[in-house]
Amino acid sequence: MELVCFIVLHYKDIDTTDRCVQSILCMRHQARIRIVVVDNDIDEVITKRDKLKSKYSDIENVYVVQINENGGFSYANNIGYMFARNKLGASFILVVNNDIEFIQTDFLDKLIESYKEYRCHVLGPDIIKRTTGEHQNPLDIRIRTLEEAKYTIQMNQIALDWYTFLYPVLYLRNRLEEKRQLKSRSNELFYTKVQYEVVPFGACFIFTPLFVKNEEKAFDPETYFYYEEYILALQCARKGYHITYDPSLSVLHESGALTKKSMRSERKRLRFVMERIIQACKVYLSCLEKN
């Protein structure tokens, strides 16, 4: 019996994490399911970290793994991935944000059926933003080029250097970009079709047995936040691994819940995003230059 393991990255909000966990526990075939909650909130007081662990102590197929150093998104998820792969012997490993909710009780049936049909290494489900109905997967239809990566770093650095003066313009541009994306991602025809060799959106990665068997980590090299998708797509392309977007698999996403709840200030949040994009894009750039 092939085990399916869900890696849920917890940070700050236990209620959000629990909604994700409970949605998985509502699926059929619980005997095949394992859930690993990775507690990435290293700044939390011990009593609250213990509260998360005790919450699932009576549920046999739920494990809580606590991170003791701040390595970021890729690092924490790699810890969960390796636990699922090496300790639990999982064949399928799903890496999901804690603000994902699974809405299909037959999700596992659809997952196995999709894998049998497409025989890919990474699967991406239809990720629907709860508040707008926007389709968020795929993130992109191709990887970014060397020139595009350099331009991204340059422009974000300029914006940070002049952040105090440019913030009102950056804020307005960010809002306009969100509206543009919402309009472009409302094309139902595109998102109802299977797509191949795309860049999957990072809120929910599905690593199939073809990937898990060969790869000790999900994300290599690691970034603190952002660009995991492009690095993964690049590495898959170089290894001849296949990525498939399959809309028969569907999840809901409370987009941005993690950063919005941990950063009440939009000014602070936007600066954080740009700083992390620069750091991550430099890692991606180094990957491109190695070819």
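The questions and answers below concern the cores, strands and surface of a predicted model.

This is a predicted model, in which local features need pLDDT of at least 70, side-chain atom pairs count only at pLDDT 80 or more, and totals for chains, interfaces and linings use all residues. Residues are numbered from 1 along each chain as its sequence is written, and side-chain values use heavy atoms, with hydrogens and water left out.

Me: Which helix gives the most to the largest nonpolar core?
Reply: A nonpolar core is a set of buried Ala, Val, Leu, Ile, Met, Phe, Trp, Tyr and Cys residues joined through side-chain atoms within 4.5 Å, where buried means under 20% relative accessible area, exposed over 50%, and partly exposed in between (1.4 Å probe, protein chains only). The largest such core has 56 residues, and those with the most contacts inside it are Ile7, Ile93, Phe207, Phe211 and Tyr284. The most is given to this core, with 12 residues, by helix H11 (residues 266–289).

Me: With which strand does E4 pair in the antiparallel sense?
Reply: Strands (E, at least two residues) and helices (H or I, at least four) are DSSP runs numbered from the N terminus, and two strands pair if DSSP finds at least two bridges between them. Strand E1 (residues 4–10) pairs with E4 in the parallel sense over 6 bridges, and Leu9 stands opposite Asn97 in E4. Val95 has Phe205 as its bridge partner in E8. The antiparallel pairing of E4, over 4 bridges, is with strand E8 (residues 204–207).

Me: Why is strand E4 largely enclosed by the rest of the structure?
Reply: Ile93 is in contact (heavy atoms within 4.5 Å) with residues including Cys5, Ile7, Tyr81 and Phe207, leaving aside its neighbours within four places in sequence. Strand E4 (residues 92–97) is largely enclosed because, of its 6 residues, the number buried is 5.

Me: Is His121 buried or exposed?
Reply: His121 lies in the loop between helix H4 (107–118) and strand E6 (122–129). Not counting residues up to four places away in sequence, His121 touches Ile206, Phe207, Thr208, Leu210, Phe211, Gly240, Tyr241 and His242. With a relative accessible area of 10%, His121 is therefore buried.

Me: What is the relative accessible area of Phe165?
Reply: Phe165 has its place in helix H6 (residues 163–184). Phe165 is exposed, because its relative accessible area is 64%.
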